[in-house]
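Below are my notes on the model you sent, set out as numbered points for discussion.

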Amino acid sequence: MQVGDPILEGWAIYRRFWEHLVLIALFTYVVVSVISLVLALAGGFLGELGGIVVSIAGVFLLQGALVEAVADVRDGRADLTLFATLGRVWPLIGKIVAASLLAGLVIAIGFLLIIFPGLYLVTIFSVVVPVIVLERTGVFEAFSRSRALVRGYGWTVFGVILVTFVLNLIASLVLTSLLHGLSNVAAQYISSVVVNTLLAPFVAATWTSMYFRLKELHAPATTPAFET
């Protein structure tokens, strides 16, 4: 596997199914935002805390939903509807949130110690969410599985992460600059939703493609790659 392989496959998936993937991202962002806003407007500590919890869970729900959606369209067609996709991921939301928060904490500690341990942890835990969503594993099993899949291809996986981050950053800056004229709070929120909605599916498509390629390398001929 070369660094460009999952990136090109992710781009091919995004380009062909961008409407389907963006709709999932947009719907999730809007629903989560509305619920969070209602809870915040309810006032009080519990309302604000509830809004924060919903926002965090929403981010991870979207991540899991996009993984499921990308896996669905790799055969060249979208079989799952928006609600079917969310329905498959919803029962796993607890595991996804727990694993993502745990990975974030461990990686943050790694960066605080020295930069290199943080980068190493980001690399070996990069496919934790795809493992949970597509293999239905437990939280700790997902970490072990992710590490096993990455083993032997660490530098390639790190390269994919780095290139994806740079491309995402550039696209984010471009989109943000195009929407720079929006000055009020509501307009800034809308621009943030637009940017995240457009970019999240590409990142998910790339990293999910990377998961499938790693799985193929460790167990040849199990899943066909998406034809570009």
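**Notes on the helix α6 region and the core**

1. In helix α6, the residues V128, V129, P130, V131, I132 and V133 are buried. Since this is a predicted model, I take these as statements about the prediction. Because six of the eight residues of α6, which spans residues 128-135, are buried, this helix is largely enclosed by the rest of the structure.

2. The end of this helix deserves a look in the backbone: R136, which comes just after α6, takes a positive phi of about 55°.

3. V127 touches S146, L149, V150, W207, M210, Y211 and L214, when residues up to four places away in sequence are not counted. V127 is also, together with I96 and L214, among the residues that touch the most other members of the largest nonpolar core, a set of 52 residues. Helix α2, covering residues 44-73, gives the most to this core, with nine residues.

4. As for the overall architecture, the protein has nine helices and zero strands, so that reading from the N terminus on, its elements run α-α-α-α-α-α-α-α-α. Of the contacts in the protein with a separation of 6 or more, 73% are accounted for by residues 24 or more positions apart.

5. Turning to burial and surface, 41% of the 228 residues of the protein count as buried, while the accessible surface of the protein comes to about 12000 Å², with 72% of that area belonging to carbon and sulfur atoms.

Technical notes:
Residues are numbered from 1 along each chain as its sequence is written. This is a predicted model: local features need pLDDT of at least 70, side-chain atom pairs count only at pLDDT 80 or more; totals for chains, interfaces and linings use all residues. Side-chain values use heavy atoms; hydrogens and water are left out. A nonpolar core is a set of buried Ala, Val, Leu, Ile, Met, Phe, Trp, Tyr and Cys residues joined through side-chain atoms within 4.5 Å. Buried means under 20% relative accessible area, exposed over 50%, partly exposed in between (1.4 Å probe, protein chains only). Helices (H or I, at least four residues) and strands (E, at least two) are DSSP runs, numbered from the N terminus. Contact means heavy atoms within 4.5 Å. Accessible areas come from the Shrake-Rupley method with a 1.4 Å probe; for residues, only the protein chains shown count as cover.
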